[in-house]
Amino acid sequence: MDKLQFQKDLIGWFSEEKRDLPWRRTADPYQIWISEIMLQQTRVDTVIPYYKRFIEKFPTLHDLAAADEEVLLKQWEGLGYYSRARNLQAGVREVAENYGGIVPNSRKEISALKGVGPYTAGAVLSIAYGIPEHAVDGNVMRVLSRILLIEEDIAKPKTRKIFEEAVTEIISHEDPSSFNQGLMELGALICTPTSPKCLLCPVREHCAAFHEGKQQDLPIKTKAKKTKALQYAMLAIRSGETVLMEKRPESGLLANMWQFPMVELTEEILPVEIEEQLSESFRGTVSNAEKITSFKHVFSHLTWNVDGYIAIGENLIVPPHMKWVTAEELELLPISGPVQKMKTVLKQRGDV
């Protein structure tokens, strides 16, 4: 490969064809850091409105560092993978406390921050600071597996090292920001997972897989294990003008998010059996249980199959992690995707 010509072709194409995205209008490392965390496991089109609202709500690093976690999670609501938001805030607080609010510009220091992995570190360093550091994610591995004909399994963690070394070798030292973003953009627009648009590719002349007709065979990636499926009953228990909500545990899936109380099911259950079970749990009376919806929610590693019910609660003794909320208070609580599905059905029915 002619390294300099490859850099020139890639960067020239990127400067002409790049999408106009809000995080490309800034060199602020804080804002670029936010965009990179949001873009992990989430599509660009989905991220744009969230990013704009987030920057408006927390325009500076110190604003985010000082934010209440519930306010933060409400801003993140719907993006999923909520640990990203909590880790981002923890990392930002470290910068506020230990670096005077200035995001560090060395890989060693930035990588030590909570939630900052090798990819995010390289992206912030190259895009915000113009430092020639690798930023390798699945997108970049796909592109380079074809260009450099790397036939290693990209599902294996150790393979990432091969690609990081490759980027370090070929990255532009004059414009590392455009180089790394160019690789990402190429993967998003041209060198796509299926049916890559080779005839439109600005670096086709440098692509070893294209010359050998192997572009459809790469990257090599072993299949992930099947996801686990869990069955739940989700209950909107009403008392007068209020509905009962519970806060999830401080760690684990959807930590600290709010939800309608949920019961894990091991078998089919009748509404009357749910009433009996909950009446006993709350040492009160749960009645009029009625199934109003069923839906599936797929996480990266498991699937929830949920049956949604409404019921009436009287004289319930609720534990500290639960509370009765009005419709107005419910709007302020951070809730996850599955709970949002239930809430939408309740709103359509006029129950909240």
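**Figure 1. The second largest pocket of the predicted model holds about 380 Å³ of space.** Look for Gly80, Tyr81, Tyr82, Leu254 and Phe299 here, since of the 21 lining residues these are the closest to the pocket's centre. Helix H6 (83–98), strand S5 (285–298) and helix H15 (337–349) each contribute at least two residues to the lining. Sorted by class, the lining of this second largest pocket has 12 polar residues, eight nonpolar ones and one charged residue.

**Figure 2. The largest pocket has a volume of about 860 Å³.** A good place to start is with Leu39, Gln41, Thr42, Asp137 and Asn139, which are the closest to the centre among the 31 lining residues. Two or more lining residues come from each of helix H2 (29–39), helix H3 (44–57), helix H8, helix H9 (138–147) and helix H11 (176–189). Of these contributors, H11 gives the most, with six residues. The lining of the largest pocket is made up of 13 nonpolar, nine polar and nine charged residues.

**Figure 3. Trp33 in the largest nonpolar core.** This core has 94 residues, and Trp33, Leu186 and Phe260 are the members that touch the most others. Helix H8 (residues 118–129) supplies the largest share of the core, namely seven residues. Which residues surround Trp33 once its neighbours within four places in sequence are set aside? Trp33 is then in contact with Leu88, Gly91, Val92, Val95 and Val103, and also with Leu113, Val116, Thr120 and Val124. As a general reminder for this view, nonpolar side chains in soluble globular proteins tend to be buried together.

**Figure 4. A second nonpolar core, separate from the one around Trp33.** This core has 16 residues. Among them are Phe282, Ala289, Tyr309 and Met322, which make handy landmarks when you turn to this part of the model.

**Figure 5. The largest cavity, with a volume of about 90 Å³.** How many cavities of 30 Å³ or more does a search of the whole structure find? The search finds one. There are 13 lining residues, and the closest to the centre of the cavity are Arg146, Cys191, Cys198, Cys201 and Cys207. By class, 10 of the lining residues are nonpolar, two are charged and one is polar.

**Figure 6. Cysteines at the cavity, in a structure with zero disulfides.** With several cysteines in view, you may wonder about bonds between them, but a search of the whole structure finds zero disulfides. Why is Cys198 without a bonded partner? The closest cysteine sulfur to that of Cys198 belongs to Cys207 and is 6.4 Å away, so the two are too far apart for a bond. For Cys201, the closest cysteine sulfur is in Cys191, at 6.4 Å, and this is also too far for a bond. Cys198 is buried, because its relative accessible area is 16%, under the 20% cut-off. Cys201 counts as buried too, because its relative accessibility is 18%.

**Figure 7. Leu200, in the loop between H11 and helix H12 (208–212).** Is Leu200 buried or exposed? Leu200 counts as exposed because its relative accessibility is 59%, which is over the 50% cut-off. To find your way around the loop, compare Leu200 with Ile190: the two are 10 residues apart in sequence, and their C-alpha atoms are 7.1 Å apart in space.

Terms used: Residues are numbered from 1 along each chain as its sequence is written. This is a predicted model: local features need pLDDT of at least 70, side-chain atom pairs count only at pLDDT 80 or more; totals for chains, interfaces and linings use all residues. Side-chain values use heavy atoms; hydrogens and water are left out. A nonpolar core is a set of buried Ala, Val, Leu, Ile, Met, Phe, Trp, Tyr and Cys residues joined through side-chain atoms within 4.5 Å. Buried means under 20% relative accessible area, exposed over 50%, partly exposed in between (1.4 Å probe, protein chains only). Helices (H or I, at least four residues) and strands (E, at least two) are DSSP runs, numbered from the N terminus. Contact means heavy atoms within 4.5 Å. On a 1 Å grid over the protein atoms alone, a cavity is a set of points where a 1.4 Å probe fits but cannot get out, and a pocket is an open set with protein on both sides within 12 Å along at least five of seven lines; lining residues have an atom within 4 Å of a point. Grid points are joined across faces, edges and corners, and a volume is the space filled by probe spheres set on the points. Ala, Val, Leu, Ile, Met, Phe, Trp, Tyr, Cys and Pro count as nonpolar, Asp, Glu, Lys and Arg as charged, and the others, Gly among them, as polar. A disulfide is a pair of cysteine sulfur atoms within 2.5 Å.
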